[in-house]
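Biologist: I am new here, so please take a close, unhurried look at the aromatic side chains and their surroundings for me.

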Amino acid sequence: MTNDIAVRVHKDSVVQDSIYGKRVRGLDVFLTVIIYTCAGFSILLLAGIMGYVFVGGIPHVTWAFLSTASSATKGTFGILGNIINTLYIVIITLLIATPLGIGSAVYLNEYAKPGRVVRMIEFTTETLSGIPSIIFGLFGMVFFGNVLGLGYSILTGALTLTIMILPLITRTTQEALKTVPDSYRHGALGIGATKWYMIRTILLPSAMPGILTGVILAIGRIVGESAALLFTAGSGYYLPKNLLSKIFESGGTLTIQLYLFMQKAKYNEAFGVALVLLVIVLGINGLAKYMSHRFNVEAGA
């Protein structure tokens, strides 16, 4: 009987000392309410912005608006030229920035010895991430546009955006590579694989979810950029006559066209473009979520 009482007292003391038996403090409740309030406010703010844009833009987004380009001679009005220019900017920028960013991350993470040089490079990339886009636009206009003689063109805008998103891809790839366990490296090198073979066949596939997420988020930044492109790519909205020569011509993206519509007080058309941009950004974020989940599932399998 005495032993049963002792055991029972011991269990009660353990429960009281455990996390489940601790008394809830008023400060914890207050902070929990604050956290949930902030989260709810963020959700309501996002829903409000999206609802406002959808309500203002849906009546003005038609098939003709999306599938034709503005032309005074033909009497047409649409944003097809701006959509094509946006695709040009995205593709060219990624073709340049992705291999540079991934290659830089692989070098910093796998080849470079930790030291002052590596810290300086990482500090530089972090500094580039914080520079306002308007300064990138000024630099791109002066260097790529004037010094290199590219003028207002899609190529000038793409080269400028390459500098802007390079730190994002580099840092994202670095963090993705750091998540790969060192046992993968030691195991591959231990069975006689070369370092480059190990990186190409083991590290990069294992880090692919993080790398793809960084690249897709970089696409979102390209699509949403306006200040830098206003100084470099111009505002042309004509359809390309030649796919290759178009990169040397002026080309206004959707964000530039949105700015011009607002400047001319064409609010209905501006809401239409804003809705198209919002759908594109939501699609990009959804794709990033899906790709990350899919690669995580495949890696777990």
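Modeller: Happy to! Helices (H or I, at least four residues) and strands (E, at least two) are DSSP runs, numbered from the N terminus. This is a predicted model, in which local features need pLDDT of at least 70 and side-chain atom pairs count only at pLDDT 80 or more, while totals for chains, interfaces and linings use all residues. Residues are numbered from 1 along each chain as its sequence is written, and side-chain values use heavy atoms, with hydrogens and water left out.

Let us set the scene. An unreviewed UniProt entry lists transmembrane regions, including residues 29-55 and 202-223; such annotations may be inferred rather than shown by experiment, and their positions follow the numbering used here, with shortened feature names. Residues 202-223 are 95% helix and 0% strand, with end C-alpha atoms 32 Å apart. For residues 29-55, that end-to-end distance is 38 Å, and the span is 100% helix and 0% strand.

Now to the rings. The structure holds 7 aromatic pairs (rings of Phe, Tyr and Trp, the last by its six-membered ring, with centres within 6.5 Å; planes under 30 degrees apart are stacked, over 60 edge-to-face, the rest tilted). Phe65 and Phe77 are tilted, because their planes meet at 40°, with ring centres 6.3 Å apart. Phe65 sits in helix α3 (residues 63-67) and Phe77 in strand β2 (residues 76-79), so this pair ties together parts 12 residues apart in sequence. Phe65 is buried at 4% relative accessibility, whereas Phe77 is partly exposed at 35% (buried is under 20%, exposed over 50%, partly exposed in between, with a 1.4 Å probe and protein chains only). Another tilted pair is Tyr237 with Tyr238, whose centres lie 4.7 Å apart and whose planes are at 35°. Tyr237 is partly exposed at 30%, while Tyr238, at 55%, is exposed.

Phe65 and Phe77 also join Phe261 in one aromatic cluster. Elsewhere, Lys195 lies over the face of Tyr111, 4.9 Å from the ring centre (Lys NZ or Arg CZ within 6 Å of the centre and within 35 degrees of the ring normal).

Finally, Phe139 belongs to helix α6 (residues 133-147) and is partly exposed at 42%. Phe139 helps make a nonpolar surface patch of about 530 Å² with Leu138, Val142, Phe143, Val147 and Leu148. Patch residues have over 30% relative accessible area and no salt bridge, with like charges joined within 9 Å and nonpolar side chains (Val, Leu, Ile, Met, Phe, Trp, Tyr) within 5 Å; a salt bridge is a Lys or Arg side-chain nitrogen within 4 Å of an Asp or Glu carboxyl oxygen.

Conventions. Areas by Shrake-Rupley, 256 points an atom, 1.4 Å probe, with all protein chains shown as cover.
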